Amino acid sequence: MNFSLNRNVIRWVIIGSSFVIISLILLNTYTFFQNFKVEERSKMNTWSVAVSDIGTPKLNDEVNIVTDHVITETIINTPVLVIDENGDLSTSINIDESLLKDSLDVKRLVDQFKNENTPIEVNMDSDSKQLIYYGNSPLLNKLKYYPLALLLIILLFAAVVYFFYRSSKIAEQNKLWTGMAKETAHQIGTPLSSLVGWTEILKMENVNPEYILEIEKDIDRLQTITERFSKIGSIPKLKNVDIVEVTQSSYEYLKSRSSKLINFEIVIPERKIEVNLNEQLFSWTIENLVKNAIDAMKGKGDLKVELTQLERQIFINISDTGKGIAKSSFNKIFEPGFTTKKRGWGLGLSLSRRIIEDYHNGKIKVLTSEIGKGTTMQIILKQV
């Protein structure tokens, strides 16, 4: 309990620390961006003073060395438009000439620069005024997207951590279920051996053979259950068997032990269909699906098992007239622990999916379902 609590505390401390670090990085990036923008503004103010000093943004031979240096070196990459009092373009710097041929394009650039930075007014010697519009430098534009790139990297990193955590959790759960299954098989095996011995003693005591026959059936059933549990967690051996016979055998077993209020129906081909199967695990899946159907109908209704073949694929449909499944739960029902029963563990369909998809390379899914009308589950297997 304390270990679990400490682990949760450590997890939240890591998450909280990561959030703080990310916030500081983003804040620092934003501050750097704003400072860089202020620095560019300062350069433009210096450049505007130099322009005002010479009375015109065009360079000439009379300009002193300092002003010349400011004019030519202060802005290297920043795009600039100088507009006179009449709204005409006076000078442009670091802008493609093709964008200045059309007055509409110039107006668009002016509007763009005005949105990016406040224009600077310059008083010329001739008492005229000019407005300097300037945009963000290429470096500033790149920095503008830096926080987004950083957020994207963080999201990708978070996704990797999440999937790693989820995979670890699933692996841990699988390990737990495997351990429980093997321990269950071990625990059942001990009294089962004893029951076999007692059966032999009863035979020598002249007990009614019918009683012994029923006991032996139950012992065989327990041995089958033990084999099933022992196979969980290890790769089962598949062999070529008649899937029609296996399906019918599982169906007959459940039919003889179910409520007489259920109308059972089976539709199967009158020929053999050989498929690579582990018979015990496949029959376990059929039993899980049939039992779920019986539970959904609360022991009363119509249940149909249908096996068909289309080319090299085998389809086994198990239909009931039960309460149905909401469409939003079609995938959830196969998750470990998910159940709608008050006393259910939520492991039957999870194990069924593992048996069909992991061990037999098949597919199991909810084919159709309607609330209040019933459900059809489908198993798809490939014929080798």
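Strand β10 (residues 363-370) and strand β11 (residues 374-382) run antiparallel and are joined by seven bridges, in what is a predicted model. The hairpin that these strands form has three residues between them, and within this hairpin G372 adopts a positive phi near 85°. The chain that holds this hairpin has 384 residues, of which buried residues make up 34%, and its secondary structure amounts to nine helices and eleven strands.

**The β10-β11 hairpin**

- Across the pairing of the two strands, the residue that stands opposite S369 is T375, which belongs to β11.
- As general background to reading such a pairing, side chains in a regular strand alternate between the two faces of the sheet.

**The chain as a whole**

- The accessible surface of the chain comes to about 24,500 Å², and carbon and sulfur atoms contribute 57% of that area.
- Among the contacts in the chain with a separation of 6 or more, 67% are between residues 24 or more positions apart.

**Helix α1 and its surface patch**

- A nonpolar patch on the surface is formed by F19, V20, L24 and L27, which together present about 430 Å² of accessible area.
- One of these patch residues, V20, is found in helix α1, which spans residues 2-54.
- V20 has a relative accessible area of 45% and is therefore classed as partly exposed, since that value falls between the 20% limit for buried and the 50% limit for exposed residues.
- T31 also has its place in helix α1, and with a relative accessible area of 36% T31 is likewise partly exposed.
- The side chain of T31 carries a polar atom that lies 2.9 Å from the backbone oxygen of L27, and L27 is itself a member of the nonpolar patch.

**The surroundings of N136**

- N136 is located in the loop that runs between β4 (129-134) and α4 (138-144).
- Although N136 sits in a loop, N136 counts as buried because its relative accessibility is 6%, where the cut-off for buried is under 20%.
- The side chain of N136 is joined to the side chain of N117 by a polar contact of 3.2 Å.
- When residues up to four places away in sequence are left out, N136 touches K37, E40, P79, E116, N117 and N141.
- N117 thus appears both in the list of residues that N136 touches and as the partner of N136 in the side-chain polar contact.

Terms used: Residues numbered from 1 in each chain as written. Predicted model: local features only at pLDDT ≥ 70, side-chain atom pairs only at ≥ 80, totals over all residues. Heavy atoms only, no water. Patch = residues over 30% accessible without salt bridge, like charges linked within 9 Å, V, L, I, M, F, W, Y side chains within 5 Å. Areas by Shrake-Rupley, 256 points an atom, 1.4 Å probe, with all protein chains shown as cover. Salt bridge = Lys/Arg side-chain N within 4 Å of Asp/Glu carboxyl O. Helix = DSSP H or I, 4+ residues; strand = E, 2+ residues; numbered from the N terminus. Buried < 20%, exposed > 50% of the residue type's maximum accessible area, 1.4 Å probe, protein only. Polar contact = N/O pair within 3.5 Å; in protein donor to acceptor, adjacent residues only side chain to side chain. Contact = heavy atoms within 4.5 Å. Pairing = 2+ DSSP bridges.
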